[in-house]
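The exercises below are meant to be worked through slowly, with the sequence and the three-dimensional view side by side. Try each task before reading the solution that follows it.

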Amino acid sequence: MIRRDMPDVLSIEQSCFEFSWTEEDFIRCLRQRNCIGMVAEQDNQIVGFMIYELHKNRLHILNFAVREGCRRSGVGQSMCSKLIGKLSHERRNRIMLEIRETNLDAQLFFKSVGFRAISVLHDFYDDTVEDAYLMQFRYRPTASEIAKPSSRIRMAG
């Protein structure tokens with residue numbers, strides 16, 4: 001995500017959410033060293049975006065949206081697959097996000113790509129008294145990753 005993407009990102013954000021982020025919210029977030037923005041493009045048009053944070057053991061999705069006319073076409077799944085590809089057995093092994101209890105479409109979407117609700121966050125939002133579901137995707141290492149010791153160095157000689 002770069003500066004010139006912001007008008008399209010804001011348009012998607014405002015059409016998708018009742019309580020949308022402002023341009024200042026995006027800029028403040030993206031200026032942090034551990035915050036990354038990703039956009040999905042189709043025919044040179046931005047059709048979705050994701051904002052996530054890097055933490056020591058996990059990734060945390062802060063904002064995620066797909067343009068209304070482009071939903072259910074693989075855009076969201078592609079963005080999630082890209083993020084899941086950043087997970088590993090040894091470092092960041094899970095992705096977390098919060099979803100409004102009333103956002104059933106998002107709950108079902110994230111469940112379909114492997115996320116599970118792990119707790120309810122009561123009165124989570126500043127703008128309403130609505131609860132949120134904390135959802136998590138856990139990386140499952142392959143048998144070869146588990147079998148391979150990672151803290152060994154082989155020296156010649």
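**Exercise 1.** With which residue does Arg100 form a salt bridge in which the closest N and O atoms are 3.0 Å apart, with Glu130 or with another acidic residue as well?

*Solution.* Before starting, keep in mind that this is a predicted model. Step one is to look at Glu130, with which Arg100 forms a salt bridge whose closest N and O atoms are 3.0 Å apart. Arg100 belongs to strand β4 and Glu130 to the loop between β5 and β6, so this pair ties together parts that are 30 residues apart in sequence. Step two is to look at Asp127, which also forms a salt bridge with Arg100, with the closest N and O atoms 3.0 Å apart. Asp127 lies in the loop between β5 (116–121) and β6 (132–138) while Arg100 lies in strand β4 (residues 94–100), so here the parts tied together are 27 residues apart in sequence. Step three is to consider accessibility, for which the cut-off for buried is under 20% relative accessible area. Arg100, at 17%, therefore counts as buried, and Glu130 is buried too, whereas Asp127, at 37%, counts as partly exposed. To finish, return to the pair with which the exercise began, Arg100 and Glu130, both of them buried. Through shared partners, the salt bridges join Arg100, Asp127 and Glu130 into one network.

**Exercise 2.** Which residue forms a salt bridge with Arg28, and in which helix do the two lie?

*Solution.* The partner of Arg28 is Asp25, and the closest N and O atoms of this salt bridge are 3.3 Å apart. Next, place the two residues in the sequence: both are found in helix α2 (residues 23–30), where they are 3 residues apart, about one turn of the helix. Then compare their surroundings, for which it helps to know that exposed means over 50% relative accessible area. Arg28, with 52%, is exposed, while Asp25, with 23%, counts as partly exposed. The structure has 4 salt bridges in total, and the one between Arg28 and Asp25 is among them.

**Exercise 3.** How many bridges join strand β1 to β2, and how many join β2 to β3?

*Solution.* Begin with strand β1 (residues 35–42), which runs antiparallel to β2 and is joined to it by 8 bridges. One of the pairings to find on the screen is that of Glu41 with Ile46 in β2. The hairpin of these two strands has 2 residues between them, and in it Asp43 takes a positive phi near 50 degrees. Now follow the chain onward to strand β3 (residues 58–66), which pairs with β2 in the antiparallel sense over 7 bridges. Here Leu54 has Leu59 in β3 as its bridge partner, and the hairpin that joins β2 to β3 does so through 3 residues. The last step concerns β2 itself (residues 45–54): because 8 of its 10 residues are buried, this strand is largely enclosed by the rest of the structure.

**Exercise 4.** Which residues of helix α4 are buried, and against which elements do the buried residues pack?

*Solution.* In helix α4 (residues 104–112), the buried residues are Ala106, Gln107 and Phe110. They cover an arc of only 100 degrees around the axis, which puts them on the same side of α4. Turning to the face that points away from this buried side, you find the exposed residues Asp105 and Ser112. The buried residues of α4 pack against β3, α3 (75–84), β4 and β6. Beyond the helix comes Gly114, which has a positive phi near 105 degrees.

**Exercise 5.** How much space lies in the largest pocket, and which element gives the most to its lining?

*Solution.* The largest pocket holds about 1400 Å³ of space. It is lined by 41 residues, of which Phe17, Asn63, Phe64, Asn103 and Ala106 are the closest to its centre. To see where the lining comes from, go through the elements in order: α1 (6–16), α2, β3, α3, β4 and α4 each supply at least two residues. Among these elements, β3 gives the most, with 7 residues.

Notes: Residues are numbered from 1 along each chain as its sequence is written. This is a predicted model: local features need pLDDT of at least 70, side-chain atom pairs count only at pLDDT 80 or more; totals for chains, interfaces and linings use all residues. Side-chain values use heavy atoms; hydrogens and water are left out. Buried means under 20% relative accessible area, exposed over 50%, partly exposed in between (1.4 Å probe, protein chains only). Helices (H or I, at least four residues) and strands (E, at least two) are DSSP runs, numbered from the N terminus. Two strands pair if DSSP finds at least two bridges between them. A salt bridge is a side-chain nitrogen of Lys or Arg within 4 Å of a carboxyl oxygen of Asp or Glu. The arc is that of the directions from the helix axis to the C-beta atoms. Contact means heavy atoms within 4.5 Å. On a 1 Å grid over the protein atoms alone, a cavity is a set of points where a 1.4 Å probe fits but cannot get out, and a pocket is an open set with protein on both sides within 12 Å along at least five of seven lines; lining residues have an atom within 4 Å of a point. Grid points are joined across faces, edges and corners, and a volume is the space filled by probe spheres set on the points.
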